[in-house]
Structures are given as C-alpha cells and as structure tokens.
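New notebook page, new structure. I want to find my way around before I get into details.

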Amino acid sequence: MATDTLHDLFDLTLPDPATLYRALLAREATYEGRVYVCVATTGIFCRLTCPARKPLAENCTFRPTIGECIEAGFRPCKRCHPLQPAAEADPMIAALLAALDARPAYRFGEEDITRMGYDLSTVRRAFKRHFGMTFLDMARHRRLREGFETMALGGSVIAAQQEAGFQSASAFRAAFARLIGCAPGDIAGEGRLLADWIGTPLGDMIAISSPTHLHLLEFVERRGLPAEIARLRQGVKGALGIGSTAPTEQIRAELGAYFAGRSADFATPVALDGSAFTRAVWAELRRIPAGESVSYAEIARRIGTPAAIRAVARANGANQLALIIPCHRVIGADGALTGYGGGLWRKQRLLEIEAQYRVRPQRTG
C-alpha cells in the first residue's frame, strides 16, 4: 500500500505512517499500547516492538486499538502477544482470554460471563478500555482463516482443524459451518465452483469462482454470507470446493492494486444472478466513479424508475460482489452513511481510500 493510502486509513491523532514504520523497524517502545501494525500478507497484527522479521511498508497499516485490528480481520501475533499486557494487568481479562483460547468455536454469551463469576458491566468496560471492543465482540471475530487456507492447499479437514487450533473436530465443523454455511467436509476437494480466502487491509474476504467467472466476493463477517454460499451450492448441486481459479487470482491482484492506491478498476469477469431490475441497478452502481457517491433516489432516477427507491435499496443489499459492484458508494439523501453489509466503519474507510481516485478538475487559463 502506498504511503498516501496508509494516511487515508490512519487515525490522524497519531503520527503519520512513515514515522510509525520507522518506529517499527527500530522496535521503538514509544508507541507501546497506542498503535499496532497490521500486516496484509500474513493477516497478523503486532506491537511495534515485535521481534519478528519486519514486513514491507506497503503491506502495513497502523491502527490505534486492538479492537480495530481484530475487526479488520487480523489475528494477534504469537511472538509479541499484543493482548498480553492487558491480561497481565487484570486477572479477570486473563481468565476470559484463556477461556476464549480454550474454546475458540464456542458461542460465548452473557450467561457464560456470569457463570464464571464476573459482572457483565465490569467485563464490558474493561475490554472496551483495553481492546476497544467487548469480550463478546472478540469471541465473535475469531477467524477460521488458518483452517480454510490449509484446505485450499489440499490439506485434509483434520489437518485444517489442527491448523486452526481446534482440539475438537465437532467444534471446528460447527464454527466453520457458522461462517461458510456448511460443514468443511461438504466443500473439501474439487468442485464446479471453488472458494478461496483473500486477505485485505480492511479484513478477510471470501471469493467463489468458476474457471471463467467470479460469482461472489464478500467480507467474511457479512451476516448474509452463509445464505449466499448456500444459494451458490444449490445452483451447482453441492459441487462447491476449496481452491483458486484464474478469476480469483485476477481479483486478488486487482484488490492489491486497489488498496495500494494504483487502480480502482476491476476487470475480473463476473457472473451476475439477479432480475433485470436488479442487474440494471448493479450496472448503474458500476458507473459511479471512484471517489464519488450518490443517493438511492439518484440511482432510481438514473435507471428511469424514480419512485422505486426502496427497490433500489433492496437491489443494493442483494449485491454479492463487494467493491466490484460498489454499493458502498451509495449514501442517504442527506449525505449520511447508510447500511452496509461489511459494516459502516468499513464503508467509511472505503470512501476514504477512494478519495485519492477522485478525478481532479483541470485548471484553465
């Protein structure tokens, strides 16, 4: 990622990314607890004092809280242990983190916290103060990336389970199914469609492609993702596997260019499954230049159905090709951000990234 793009993503109350990257190289303790580095190529976030080999600057983004790192799809480093200071400072936090590590696939709820003898409001405040997110948020954001990637490389379900750190096969299957919508054994091996994992500076994405077209590109925590995958599996009679295809590799490269500030153009061939009206909305969305935004009402007017604002919103929400069909560029009539399946925080970041792609008016005279 280029330095100016890092700046767009950055909390301006902290030093600029170039300064922080120098601090990372020097392992300075100046910013300990104030900022963390997220590495796109590994999906890991670290303290700036981490002893691991340093990543290239273009693969780094800097975030002020652990919560933002986790929400963006990054996992804590196992060498510098960024969660450890809070655990050492508060036995309650240490106990809850240990419980989360022991049962990564378990759906923790408020009753579990109470059962462990802790006050809900105390736990909430402590985790928000140290991590910028609640304990329950942290539990929900646990990823299955390691296991998924093992299967993508041809590994067995058992190997994927072990790589993901699950002691129980049933727990791994349950967690995998909650994310993907089916058990890992149901999509292991080859298929007419192949699913693959793509890491980005704003979180992990799932891509599903045939040999010729991309059918789905979504951030992994999108609530509707399991249902979308289920529809694709039904369409190919269950023949969904894990692996990469030419369209997946093309969109991976194009996403790299997009987040690096080189290009906002996506030329990967895509498969569009929707009504004529829905496809018309999607086509109009793709005409919105990067760096600009329009309202639902304006989209409805442009496709010749000015009264169909709600239908336009539904078509916008039915999009399963994130960024390629840029539904994040649609805002409310009053200029406010509206719902986005990838999260409003991510919609804001995408619009900030795309500000650099805005066409500047030519000066005359």
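Below are my entries, going from the whole chain to its sheets, cores and a few single residues.

**Entry 1: the whole chain.** I began by noting that this is a predicted model. I counted up the secondary structure and got 18 helices and 10 strands in the chain. Then I looked up burial: of the 365 residues, 50% count as buried. I also checked how far along the sequence the contacts reach. Taking contacts between residues at least 6 apart in sequence, 61% join residues at least 24 apart.

**Entry 2: the sheet with strand 1.** I found an open sheet here, made of 4 strands in the order 3-1-2-4, with mixed pairing. Which strands are at its edges? They are strand 3 (60-63) and strand 4 (75-76), and each pairs on one side only. I followed strand 1 (residues 36-39) next: it runs antiparallel to strand 3, and 4 bridges join the two. For one example I picked Y36, whose bridge partner in strand 3 is R63. Something lies across this pair as well: helix 2 (residues 17-26) covers strand 1 and strand 3, at about 100 degrees to strand 3.

**Entry 3: a loop residue, K54.** While I was there, I looked at K54, which is in the loop between strand 2 (44-46) and strand 3. Its C-alpha atom is separated by 6.6 Å from that of L25, though the two residues are 29 apart along the chain. Leaving out residues up to four places away in sequence, K54 touches L24, L25, R27 and L48. I noted that L24 and L25 fall within the range of helix 2, residues 17-26.

**Entry 4: the sheet with strand 5.** Another open sheet of 4 strands turned up, in the order 7-6-5-8, again mixed in its pairing. Strand 7 and strand 8 (240-242) stand at the edges with a single partner strand each, so one side of each has no neighbour in the sheet. I looked up the twist too: ignoring direction, neighbouring strands are turned by 25 degrees against each other on average. Inside the sheet, strand 5 (residues 193-198) and strand 6 run antiparallel, joined by 5 bridges. A195 has I208 of strand 6 as its bridge partner.

I then asked which helices lie across these strands. Helix 13 lies across strands 5, 6, 7 and 8, running at about 165 degrees to strand 7. Helix 14 lies across strands 5, 6 and 7, at about 25 degrees to strand 5.

**Entry 5: a charged residue inside.** I stopped at E228, which lies in helix 13 (residues 225-235). Is E228 buried or exposed? It counts as buried, because its relative accessibility is 3%, and the cut-off for buried is under 20%. Beyond its neighbours within four places in sequence, E228 is in contact with L216, E218, R222, N319 and Q320.

**Entry 6: the nonpolar cores.** The largest nonpolar core has 36 residues, and those with the most contacts inside it are L217, L255, Y258, L285 and L323. Several elements supply at least two residues each, including strand 6 (205-209), strand 7 (214-219) and helix 18 (344-354). Helix 14 gives the most, with 4 residues. I took a closer look at L255: setting aside neighbours within four places in sequence, it is in contact with I198, M205, L217, F266 and L323. There is also a second, separate core of 27 residues, with I66, L100, F127 and L136 among them. As a general note to self, nonpolar side chains in soluble globular proteins tend to be buried together.

**Entry 7: V123.** I picked V123 in helix 7 (residues 120-131). V123 is buried, with a relative accessible area of 2%. Its contacts, not counting residues up to four places away in sequence, are M92, L96, I113, Y118 and F135. The C-alpha atoms of V123 and T134 are separated by 7.7 Å, and the residues are 11 apart along the chain.

**Entry 8: two helices meeting.** How do helix 15 (residues 276-285) and helix 17 (residues 309-317) cross? Their axes come within 9 Å and cross at roughly 75 degrees, and the two helices are therefore roughly perpendicular to each other. On the helix 15 side I listed F277, T278, V281, W282 and L285, which meet A311, V312, A315 and N316 in helix 17. By class, this contact has 7 nonpolar, 2 polar and no charged residues.

Key
Residues are numbered from 1 along each chain as its sequence is written. This is a predicted model: local features need pLDDT of at least 70, side-chain atom pairs count only at pLDDT 80 or more; totals for chains, interfaces and linings use all residues. Side-chain values use heavy atoms; hydrogens and water are left out. Axes are lines fitted to C-alpha atoms, for helices over the stretch in contact, and angles run from 0 to 180 degrees between N-to-C directions. Angles under 35 degrees count as roughly parallel, over 145 as roughly antiparallel, 65 to 115 as roughly perpendicular and the rest as oblique. Contact means heavy atoms within 4.5 Å. Ala, Val, Leu, Ile, Met, Phe, Trp, Tyr, Cys and Pro count as nonpolar, Asp, Glu, Lys and Arg as charged, and the others, Gly among them, as polar. A nonpolar core is a set of buried Ala, Val, Leu, Ile, Met, Phe, Trp, Tyr and Cys residues joined through side-chain atoms within 4.5 Å. Buried means under 20% relative accessible area, exposed over 50%, partly exposed in between (1.4 Å probe, protein chains only). Two strands pair if DSSP finds at least two bridges between them.
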